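Me: I have a model open on my screen and would like to talk through the terms people use for it. Could you take me through them?

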Amino acid sequence: MTENLSGKTSIYGLIGYPVEHSFSPLMHNVAFRALNIDARYLTFSVKPNQISQAIIGIKALNIVGANVTVPHKSSVISYLDEVTPLAELIGAVNTIKNVQGNLIGTNTDISGFVRSLSALNFSPRNKTIALLGAGGSARAVLVGLADAGASNILVHNRTASRAENLVSEFSLKFAKTQLKSVSHQKILDTPLDLLVNTTTVGMESNESPLDLSQCCKIRHLVDLIYSPSQTGLLKQAEKFGISAINGIGMLLYQGCDAFTFWTGKLAPEKVMKEQLLNLV
Ligand code: NAP
């Protein structure tokens, strides 16, 4: 890898805390290599109280592009020069492009999630969809689904007030989508075109956030977790014949869309996907 580094090599990176576990460096470096782009993608471990210095550093060091992850996706916005409308709407940026010292922020988690639904051959338009969870990823998923024309989105969260806040924040912004904060029982009783798990339940254990044997009817399912690649929820989906995917597609497509935002080139999706599948 080092033999092609030169004084002209462009630097990209991931800003977060922690960042050591991230799959993004391998995914983006394989993409740069596949397209013969003289660039490298690194990780930058940035503590919460150092985010302003890190962003100023992007300009000073002429870093060409960056991804942003937990815990900086919201706080980074105030240090950017421009933010795209959907990123502004959800108040979270995961990708920054440095255009001659002008830092532009966008959010490719939204488009990445929606693109990942193609593996299910699923379009959100006029569909009834339930989200489990109301954290950072739920915001991106909700906005992506409402923006793509979902007719009903039910949100259930362990801490009900967070789901209520999420729904009230976006209800006026997406007048054509009915958003509702609902009970666990309501999720079980409603026929769903799609169920999306955005909680962390299933990451550390075989636990599932929902007992699918109690559910009325679910046609499609996405678990945003990608490691482990098959969670307790996905195992149940398989058992009940529900067409389902894990979060690797969202991870892949947020990366592809970030790559295109930075370089203006179509991302080499196939090699990026192969790299990710080798990691999980
Ligand atoms: P987050 O902001 O910390 O939100 C966590 C959510 O999980 C909250 O709604 C929380 O509910 C819920 N939760 C946690 N423990 C729970 C439990 N024991 N029972 C019920 N609910 C529980 O996290 P996030 O950033 O949204 O990430 C959530 C998951 O999505 C993670 O597994 C992450 O790996 C995955 N993710 C995947 C991608 C991808 O590209 N595939 C991208 C982003 C995130 P409370 O509000 O009640 O605490």
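**Salt bridges and the ligand site**

Reply: Gladly! By the rule for salt bridges (a side-chain nitrogen of Lys or Arg within 4 Å of a carboxyl oxygen of Asp or Glu), the count comes to seven. This is a predicted model, where local features need pLDDT of at least 70, side-chain atom pairs count only at pLDDT 80 or more, and totals for chains, interfaces and linings use all residues. Residues are numbered from 1 along each chain as its sequence is written, and side-chain values use heavy atoms, with hydrogens and water left out.

Me: Why is the pair Arg115 and Asp257 called a salt bridge?

Reply: Their side chains meet at 2.5 Å, N to O, and the limit is 4 Å, so the pair qualifies. Arg115 belongs to helix H4 (residues 108-116) and Asp257 to helix H9, 142 residues apart; helices here are DSSP runs of H or I with at least four residues.

Me: What makes the approach of Ser137 to the ligand a polar contact?

Reply: A polar contact is a pair of N or O atoms within 3.5 Å. A polar side-chain atom of Ser137 lies 2.6 Å from a ligand oxygen, so the pair fits.

Me: How do you know that Leu251 makes a polar contact with the ligand?

Reply: One of the backbone N or O atoms of Leu251 is 3.3 Å from a ligand oxygen, and that is within 3.5 Å, so this pair counts too.

Technical notes: A polar contact is a pair of N or O atoms within 3.5 Å; within protein, one must be able to donate a hydrogen and the other to accept it, and residues adjacent in sequence count only if both atoms are side-chain atoms. Helices (H or I, at least four residues) and strands (E, at least two) are DSSP runs, numbered from the N terminus.
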